[in-house]
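Please walk me through this structure, from its packed interior to its charged contacts and its backbone exceptions.

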Amino acid sequence: MPELLLEYHPIYPATWAYVSSLLMIGLFFKFSRLWSLRNLDLLLLISFAPGLLMSQYVSGPNGTPTIDDLSVQHLGYLWLFAAGGMLLVRLLWDPTMVRRPLLEPNLSVGGMTFLGVSLFLFLMANVLTSKEDPVALAAARGAEQFFLEPGDLELGNANDREIEEDRETEEEREAKKDREAEKEREDRLARYGPGYPILFQLQRIPAQTIAAMMRNGTPEGEQEKAQARRSVDQTTVRLTAIFSQLAIVLGIVMIGYRHFDNYKTGIAAATLYLMLPYTARMTGFVDHVLPAALLTWALVFYRRPLVAGTLIGLSIGAIYYPIFLLPLWISFYWRRGLFRFLSGVLVAVGVLVIALALEWSDWPDFVDKLRWMFGWRLPWNVPTEGFWSKRFTTPEYRIPVLAAFIAMCGSFALWPAQKNLGTLLCCTAAVMLGSQFWHAHGGGLYMAWFLPIALLTIFRPNLEDRIALAVLPAGWTPDWIAKRSIARAA
């Protein structure tokens, strides 16, 4: 960023948490209605900031946490879970609230637009000029390593390996490589969780083009090739994160304009999203923002079940956890649009699986990639991080939490009986928020999966008339199902 603005220094995360909290209160707090629900929602959103800062707190040498740091991190994860629990109750309570007065922000729409665009430009500039973050590059590098053949994996020190190979037979070396490759794959699945192997590899295509344009000639030597590969990884992560963040912001504005009939509400929700300390802290993390973009645009196209189902299917293939949204969305489209929605989901997931099959003709290798895509591991066999780390708590307690989460997702198939766009918003946010309570990777830090939709829930008007029968054209549904549904509604 100093290359673009003279003497510019990024704001420290803790400082931005204080400043952004004051900005959010000044712009969105209703001082004339002190006990309004909007003020409670705003305080709930701000309450995530201390937990986020404490969970990311590391002051030890070389980024190694000390005992005191671990205590602070543990408190941070507890704080995040407590704040998430209160927001989950708020989201589940939302379908019962009928009166929803329009509470506009304390700034004009022009001022909100200017502030939102400025925040977005600064955040994206920080992504472009940020230093290499090993965590942010993990997805791109993990996908690239996943594509390598077992014999190509570089495990351990090269010199030590050459010395050991002189003492081993050819069969022993091959067996050892296979064991190390399998362990490496298991470690990647345990570290990054379920996800689509080809996803980041496909996104490397534009990154490779840009990186080739930035350098002169073809890299020669191992050091230059490693530097070129590092440049591709950085460009991949940054481009994907920027376009995903842009898709989230535009999706929020589009929902406000098309479905809320109030573009001011969409702009206000998008600006609030950009103000959140979490957005500034996790701007460049692809595994956070890419699923959020897919889910947000699935809600934009909720009147087109085929498109919405395709986007939900892509999000399921990308991170697996949106699969628990299916009972809710199927129930919403039950009276009209069900076959179109399911067709979109099945086509999207099927295309992803077929792409894996075409890329790897070897059956064991294909099954290996399919396991990574859908996370075929028992919950008690998954190494845990964050709140569920063994140094913080007992991971076995994830099992009853997972059972309660599955029960909640299943209940959305029946409750509320009459689903509209409002219930689709709040329940989608509740499912993605609920997945954080048993999500073993990150310990509740993947807030982008639910924050944009939660903000739309907070700002939404009364949407009781936005039901599938009223907003979707007839088609792809048997007449007896449509007639029975209309009779029941009457």
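What follows is a reading of a predicted model, beginning with the nonpolar interior and ending with the backbone.

In soluble globular proteins, nonpolar side chains tend to be buried together. In this model the largest nonpolar core has 114 residues, and the members with the most contacts inside it are Phe 28, Ile 312 and Trp 329. Helix 19 supplies the largest share of this core, with 10 residues. Ile 312 can serve as an entry point, since if residues up to four places away in sequence are set aside, Ile 312 touches Leu 295, Ala 298, Leu 325, Leu 326, Trp 329, Phe 341 and Val 345. One of these partners, Trp 329, is itself among the residues with the most contacts inside the core.

A second residue to follow is Ile 453, which is found in helix 20, spanning residues 451-459. Ile 453 counts as buried because its relative accessibility is 1%, and buried here means under 20%. With residues up to four places away in sequence again left out, Ile 453 touches Leu 295, Leu 299, Leu 425, Thr 428 and Ala 429. Leu 295 thus appears in the contacts of Ile 453 and also in those of Ile 312. The contact with Ala 429 joins residues 24 places apart along the chain, and their C-alpha atoms are separated by 5.5 Å.

The interior also contains enclosed space, and a search of the whole structure finds 4 cavities of 30 Å³ or more. About 80 Å³ of space lies in the largest of them, and its lining is made up of Leu 45, Ile 46, Phe 48, Ala 49, Leu 52, Leu 276, Pro 277, Tyr 278, Met 447 and Leu 451. Helix 2 (37-46), helix 3 (48-55) and helix 12 (277-281) each supply at least two residues of this lining, with the largest share, 3 residues, coming from helix 3. By class, the lining of the largest cavity has 10 nonpolar residues, with no polar and no charged ones.

The second largest cavity holds about 70 Å³ of space and is lined by Phe 48, Leu 80, Phe 81, Gly 84, Leu 433, Gln 436, Phe 437, Gly 444, Met 447 and Phe 450. Here helix 4, residues 67-93, gives the largest share of the lining, with 3 residues. The residues of this lining divide into 7 nonpolar, 3 polar and no charged. Phe 48 and Met 447 appear in the lining of the second largest cavity as well as in that of the largest cavity.

Where, then, do charged side chains meet? The count of salt bridges comes to 6. In one of them, the side chains of Arg 90 and Asp 41 meet with an N to O distance of 2.7 Å. This pair links distant parts of the chain, with Arg 90 in helix 4, Asp 41 in helix 2, and their positions 49 residues apart. Because buried means under 20% relative accessible area, Arg 90 at 4% counts as buried, and so does Asp 41 at 2%.

Arg 90 also forms a salt bridge with Asp 94, the closest N and O atoms being 2.9 Å apart. Asp 94 in turn forms a salt bridge with Arg 100, where the closest N and O atoms are 3.0 Å apart. Asp 94 counts as buried because its relative accessibility is 0%, and Arg 100, at 17%, counts as buried too. Salt bridges that share partners join Asp 41, Arg 90, Asp 94, Arg 100 and Arg 460 into one network.

The backbone deserves a separate look. Most residues other than glycine have a negative phi, and most peptide bonds are trans. Against that background, the peptide bond from Trp 415 to Pro 416 is cis, with omega near -10 degrees, and Pro 416 has its place in the loop between helix 18 (398-411) and helix 19 (421-434).

Asp 261 has a positive phi, near 55 degrees, in a residue other than glycine. Asp 261 is found in the loop between helix 10 (222-258) and helix 11 (263-275), and Asp 261 is exposed because its relative accessible area is 57%, where exposed means over 50%. Tyr 320, which is not a glycine either, has a positive phi of about 75 degrees and lies in the loop between helix 14 (305-319) and helix 15 (326-332).

How values were computed:
Residues are numbered from 1 along each chain as its sequence is written. Side-chain values use heavy atoms; hydrogens and water are left out. Helices (H or I, at least four residues) and strands (E, at least two) are DSSP runs, numbered from the N terminus. Buried means under 20% relative accessible area, exposed over 50%, partly exposed in between (1.4 Å probe, protein chains only). A nonpolar core is a set of buried Ala, Val, Leu, Ile, Met, Phe, Trp, Tyr and Cys residues joined through side-chain atoms within 4.5 Å. Contact means heavy atoms within 4.5 Å. On a 1 Å grid over the protein atoms alone, a cavity is a set of points where a 1.4 Å probe fits but cannot get out, and a pocket is an open set with protein on both sides within 12 Å along at least five of seven lines; lining residues have an atom within 4 Å of a point. Grid points are joined across faces, edges and corners, and a volume is the space filled by probe spheres set on the points. Ala, Val, Leu, Ile, Met, Phe, Trp, Tyr, Cys and Pro count as nonpolar, Asp, Glu, Lys and Arg as charged, and the others, Gly among them, as polar. A salt bridge is a side-chain nitrogen of Lys or Arg within 4 Å of a carboxyl oxygen of Asp or Glu.
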